[in-house]
Amino acid sequence: MSPPGALHRSRSDIRAPLLPEHQDRRSDDGAIANPPGDDISRQLRIAIDIGLLFAVLSMLLWPWTFFGIVNAKDGIEMSSFLSDIVRQYPQRVATVVTYIGTANQFIVTFLLSQIILRYGEELVKLNEMTVFHMSALSAFRYMTVVWGIAQWKGLTKAKRRLAIVLLFFLALGVSSFIPSGTAGLITPGTFNKTAELRGTELDFTSDDPGCLEWLEKNRLTNLCDWKEFGHTQYTTCLGENQMLDVLDSGRANVLAAIEVNNNGTSSMNQLGEEGGLRFRGSVRGVLPIGPNGIPAVNTIPNPFANDAIRKRMVSYNYTLNHQGLGSNVSCYYDKTSPIRFRPIEGTNTTRILSSFGICDSTAGMQEVLEGVLDYVTLNGNNTLTYWACKRIPQPGSLDPTYFIHLRGRGNYKESIGNITCQISPMRAQEYSVDYLSVPGYFTTSRGHAAQFVQKPTFSRYIEWGLVGFGNIIWEGQNWSSHLVAETVFSLAMKKLKISTREQNPVSLKMYEAMVQGMLEYGATYSRLVYTINPDIPSTCLRDVAGSVSYSVRGWHINPNDRFTQGGLLLPMTLINLGSLILLIRCFFIGRFRYDKHGFDATDNISLLTARVPDENMVKWGDKVQYLLVAQDSVVPPSPNEKV
């Protein structure tokens with residue numbers, strides 16, 4: 001009975017080996033086997049081994065070298081040429097990456113097969129080639145299963161053979177992950193880079209005497225004129241051509257206050273060049289500078305001035321800590337109003353009249369509208385008038401409390417009546433301003449300091465905003481209605497379905513937000529008009545700091561996915577490391593002598609010349625003697641051995 005693990009073979013299955021004389025007769029056709037000889041010199045064999053060693057080391061090191069460089073530099077940017085190709089042809093780039101991953105798998109497995117062949121040469125020279133060795137070498141060289149199902153039981157009897165078989169299946173499995181690991185490493189993507197931004201802007205909380213003198217000298221007046229600055233024309237008053245911007249700022253603030261899902265933006269067309277600036281939400285009294293701020297007043301060096309950098313960018317965002325206007329507006333319906341009406345002297349019509357206000361000094365009120373005696377307004381069916389007062393600072397307070405009074409006439413007497421808005425505090429406040437390049441708008445939010453700046457604000461900066469607010473109310477009146485009132489009514493009906501014929505607490509909340517948004521735009525434009533004046537003292541400036549984050553195409557290792565990406569390189573690393581260890585083992589087995597020509601023990605033609613000791617049964621541990629090697633060997637085969 002055959003011992004376990006034996007390969008059955010009958011005499012009828014055995015073919016006679018090809019004898020030397022037969023080869024001589026067929027010498028006209030050339031040798032079809034690969035007998036040892038001196039056709040390859042010793043120097044060439046050394047060069048081949050050195051080439052294999054260099055190739056394996058290169059394939060072992062290049063993925064980790066690339067991984068380390070990309071990780072150390074926090075990403076490698078593509079050139080603008082390659083970036084354009086990736087942007088225009090993403091599918092073709094993915095195809096090329098797949099080809100590279102497949103080619104990398106081919107190179108790795110090809111080097112392994114050549115080193116397996118080299119290892120077989122050493123086993124043949126030592127006359128230690130067994131049947132199992134021959135089959136295992138064939139499996140590793142061709143990366144295919146060479147054992148039949150009937151042979152599995154015999155393979156599992158010996159632990160060493162089982163370990164080698166399992167190692168083969170491990171190598172077969174991990175080699176299939178080489179393309180995906182390569183693709184994960186070399187596939188370009190987008191990643192963010194950051195840079196610092198630093199500039200300056202006006203500081204309305206400065207207490208330096210020189211700064212206060214300059215602010216007083218250049219204080220704003222209620223006289224409108226055009227002024228050129230930075231190749232752009234600006235008006236020196238709030239109103240007139242800013243009307244749409246002011247209403248848009250108030251409208252955006254109302255939508256935010258009533259918590260309506262507002263995905264729209266407000267456009268500040270009078271602030272900058274080429275379409276102005278877009279804000280999501282209220283402007284908050286800030287004057288944006290930076291790459292997409294107002295060019296005429298920008299003090300920050302453009303980080304994207306280099307065209308090559310700009311072309312490589314996919315998108316960018318930047319954040320700056322600007323000084324804006326912080327205010328707390330609280331409105332209520334009042335029974336009385338300080339606003340009075342009188343006819344205009346020298347006219348015979350009742351269609352226009354004069355509105356003015358009287359601030360009650362006995363209640364600590366003071367006039368605040370410098371240079372304003374009255375407002376000439378239309379006496380129509382829907383008339384809205386305005387006045388403002390202030391109360392001197394109370395003990396423990398840095399700033400006055402301001403009061404805005406609105407009074408409706410005609411139909412507005414019922415729907416608006418008398419509205420008094422108390423504003424306290426109203427002072428400079430730091431905001432975090434973000435610019436998002438993909439939607440192309442600014443957003444504002446409270447800075448890290450959640451409280452108001454505990455420094456008094458230059459009073460004329462605040463009070464001139466109240467004068468400008470009066471100009472907007474005055475210019476917003478027409479024969480049939482008032483723009484500010486109708487803006488609130490329109491939002492109340494469309495968004496909340498609230499009646500506009502009577503006073504409503506929700507409408508009052510909307511007036512609070514409308515007033516606040518309009519005042520914030522006034523603060524922004526006031527800052528602009530101050531800024532375009534020449535010779536600003538350094539003591540009137542504050543530092544504006546922030547950072548820009550821009551997205552570029554290239555190669556990047558995400559810190560959170562660093563271990564995942566490294567794990568994808570392990571299959572390729574294990575195969576290359578196994579090839580390197582096996583090649584070094586070949587060097588030590590052969591002792592670098594290269595005294596005999598190599599012989600391919602897995603070649604199909606060479607296998608036809610192989611012999612085993614037992615003619616009836618082949619065992620996995622039987623030595624294999626190749627006839628053509630035996631003829632050239634110093635040790636002749638045993639006379640008792642049979643094919």
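Okay, let's start with strand E15, residues 418–436: 14 of its 19 residues are buried, so the strand is largely enclosed by the rest of the structure. Keep in mind that this is a predicted model.

So who are the neighbours of E15? Strand E8, residues 313–334, pairs with E15 in the antiparallel sense, over 17 bridges. If you want a spot to click on, asparagine 321 sits opposite serine 432 of E15. Then there's strand E14, residues 401–410, which also runs antiparallel to E15 and is joined to it by six bridges. Over there, phenylalanine 403 stands opposite glutamine 422 in E15. And E16, residues 441–446, is another antiparallel partner, again with six bridges to E15. Tyrosine 435 has phenylalanine 442 in E16 as its bridge partner. E15 and E16 form a hairpin with four residues between the strands, and glycine 440 in that hairpin has a positive phi near 80°.

E15 has a salt bridge too. Glutamate 430 meets arginine 542 there, at 3.0 Å from N to O. Glutamate 430 is in E15 and arginine 542 is in strand E17, residues 541–555, so this pair ties together parts that are 112 residues apart in sequence. Buried or partly exposed, what is each end? Glutamate 430 counts as partly exposed, at 30% relative accessibility, while arginine 542 is buried at 13%.

While we're on charges, the structure holds 16 salt bridges. Take aspartate 374 and arginine 342, whose closest N and O atoms are 3.8 Å apart. The aspartate is in the loop between strands E11 (365–367) and E12 (375–378), and the arginine is in strand E9 (residues 339–342), so that pair links parts 32 residues apart in sequence. Aspartate 374 is partly exposed at 29% relative accessibility, and so is arginine 342, at 39%.

Next, lysine 390 with glutamate 463, where the closest N and O atoms are 2.9 Å apart. Lysine 390 belongs to strand E13 (residues 382–391) and glutamate 463 to helix H13 (residues 459–475), so here the parts tied together are 73 residues apart in sequence. Both lysine 390 and glutamate 463 are buried.

Okay, on to the nonpolar side. The largest nonpolar core has 100 residues, and among those with the most contacts inside it are Ile294, Tyr386, Trp387 and Leu528. Which helix gives the most to this core? That's H15, residues 505–531, with 14 residues. If you zoom in on isoleucine 294, leaving out residues up to four places away in sequence, its contacts include Tyr234, Leu271, Pro288 and Leu528. There's another core apart from the big one, with 55 residues, including Phe67, Val93, Met129 and Leu155.

Not everything nonpolar is tucked away, though: Phe81, Leu82, Ile85 and Tyr89 make a nonpolar surface patch of about 360 Å². Tyrosine 89 is in the loop between helices H3 (80–88) and H4 (90–125), and it's partly exposed, with a relative accessible area of 35%.

Last slide, the whole chain. We have 19 helices and 20 strands, and 47% of the 643 residues count as buried. For contacts with a separation of 6 or more, 75% come from residues 24 or more positions apart. The chain exposes about 32,700 Å², with carbon and sulfur atoms supplying 55% of that. Okay, over to you.

Note on methods. Residues numbered from 1 in each chain as written. Predicted model: local features only at pLDDT ≥ 70, side-chain atom pairs only at ≥ 80, totals over all residues. Heavy atoms only, no water. Buried < 20%, exposed > 50% of the residue type's maximum accessible area, 1.4 Å probe, protein only. Helix = DSSP H or I, 4+ residues; strand = E, 2+ residues; numbered from the N terminus. Pairing = 2+ DSSP bridges. Core = buried A, V, L, I, M, F, W, Y, C linked by side-chain atoms within 4.5 Å. Contact = heavy atoms within 4.5 Å. Patch = residues over 30% accessible without salt bridge, like charges linked within 9 Å, V, L, I, M, F, W, Y side chains within 5 Å. Areas by Shrake-Rupley, 256 points an atom, 1.4 Å probe, with all protein chains shown as cover. Salt bridge = Lys/Arg side-chain N within 4 Å of Asp/Glu carboxyl O.
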